[in-house]
Amino acid sequence: MTTTDTLELRMTRVLPATPEQVFDAYTDAEKQKIWFSILDETPGIVEITVDLRVGGQQTAVWGPDRDTLFHETQTFLVIDRPHRLVTESSGGGPDGSSMTTHVDITFEAVDGGTLMSVVQTGFPAVEVRDFFSQQVWVGALDRIEAFLVRQ
């Protein structure tokens, strides 16, 4: 039997920067505003606020226009800069869908940069998990990497 507890996503990427630089790119609101849209041909809407403390939240709203917005609120559960970040993430899309997941990210120095490892659990369905592993996280990591290369 598959439950939301067993629907786990695991992925890694080596990014071309120090753990501190990668951690900050992932958690700093101003840096996120840049990388969220760094690969887009036309600018969309990106609004982000971050209160980086245990119990604090990051809120993000983004999309191509006001009628097509995605939203996410992450509550910080563990902050061990620049090694680990754990959040509870609640979000949804313009279609009214929503979900809450648990995200555990580690940042490890390796030759050539930082190994960023993501473990996300609590997906409501296999298809949603697969979409996040094949689209959402790949896109986010591509954008963070492009941001780090351009710094």
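In this predicted model, strands S3 (residues 57-63) and S4 (residues 70-80) pair up antiparallel, with six bridges between them. One facing pair across the two strands is Val61 and His71, the latter sitting in S4. Zooming out, S3 and S4 belong to an open sheet of seven strands, laid out in the order S1-S7-S6-S5-S4-S3-S2 with antiparallel pairing. The edges go to S1 and to S2 (45-50); each has a single partner strand, so one side of each has no neighbour in the sheet. From one strand to the next, the twist averages 20°. As for what holds such an arrangement together, strands of a sheet pair through backbone hydrogen bonds, whether parallel or antiparallel.

Now for the S1 end of the sheet. S1 pairs with S7 in the antiparallel sense, and eight bridges link them. Within that pairing, Met11 stands opposite Val118 of S7, while Arg13 has Met116 of S7 as its bridge partner. S1 itself is two-faced: Leu9, Met11, Arg13 and Leu15 make up the covered face, and Glu8, Arg10, Thr12 and Val14 the uncovered one. S7, for its part, is mostly covered, with eight of its nine residues buried.

On to S6 and S7, which run antiparallel and are joined by nine bridges. Here Ala109 is bridged to Thr114 of S7. The hairpin that S6 and S7 form has two residues between the strands, and Gly112 takes a positive phi near 90° in it. Another backbone detail turns up in the loop between S4 and S5 (84-92), where Pro82 lies. The peptide bond joining Arg81 and Pro82 is cis, with omega at about 0°. For context, most residues other than glycine have a negative phi, and most peptide bonds are trans.

The helices come next. H2 lies across S2 and S3, and runs at about 155° to S2. H3 also packs on the sheet, where S1, S6 and S7 are the strands it touches; the direction of H3 makes about 20° with that of S1.

How do the helices meet each other? Take H1 and H2: their axes are 6 Å apart and the packing angle is about 80°. That angle makes H1 roughly perpendicular to H2. From H1, the residues involved are Asp24, Ala25, Tyr26 and Thr27, and they meet Ala29, Lys31, Gln32 and Trp35 of H2. Sorted by class, this contact between H1 and H2 has four nonpolar, two polar and two charged residues.

H2 and H3 come together too, with axes that approach within 8 Å and cross at roughly 110°. H2 is therefore roughly perpendicular to H3. On the H2 side the contact involves Lys31, Ile34, Trp35 and Phe36, and on the H3 side Ala140, Arg143, Ile144 and Phe147. The class tally for H2 with H3 is six nonpolar, no polar and two charged residues.

A look at Gln32 fills in the picture around H2, the helix in which this residue is found. Gln32 is buried, at a relative accessible area of 1%. Leaving aside residues up to four places away in sequence, Gln32 touches Ala25, Tyr26, Thr27, Ile48, Val50 and Gln58.

That leaves the nonpolar interior. In soluble globular proteins, nonpolar side chains tend to be buried together. The largest nonpolar core in this model has 32 residues, and the members that touch the most others are Tyr26, Ile105, Met116, Val118, Trp137, Ile144 and Leu148. Two or more residues each come from S1 (8-15), H1 (19-27), H2 (29-36), S6 (98-110), S7 (113-121) and H3 (126-150). H3 gives the largest share of the core, with eight residues.

Tyr26 shows what one of these well-connected core members looks like up close. Again leaving out residues up to four places away in sequence, the contacts of Tyr26 are Gln32, Trp35, Gln58, Gln74, Leu85, Ile105, Met116, Trp137 and Ile144. Among those partners, Ile105, Met116, Trp137 and Ile144 are themselves listed with Tyr26 as the core residues touching the most other members.

Notes: Residues numbered from 1 in each chain as written. Predicted model: local features only at pLDDT ≥ 70, side-chain atom pairs only at ≥ 80, totals over all residues. Heavy atoms only, no water. Core = buried A, V, L, I, M, F, W, Y, C linked by side-chain atoms within 4.5 Å. Buried < 20%, exposed > 50% of the residue type's maximum accessible area, 1.4 Å probe, protein only. Helix = DSSP H or I, 4+ residues; strand = E, 2+ residues; numbered from the N terminus. Contact = heavy atoms within 4.5 Å. Pairing = 2+ DSSP bridges. Axes fitted to C-alpha atoms, helices over the stretch in contact; angles between N-to-C directions. Parallel < 35°, antiparallel > 145°, perpendicular 65-115°, else oblique. Nonpolar A, V, L, I, M, F, W, Y, C, P; charged D, E, K, R; others polar.
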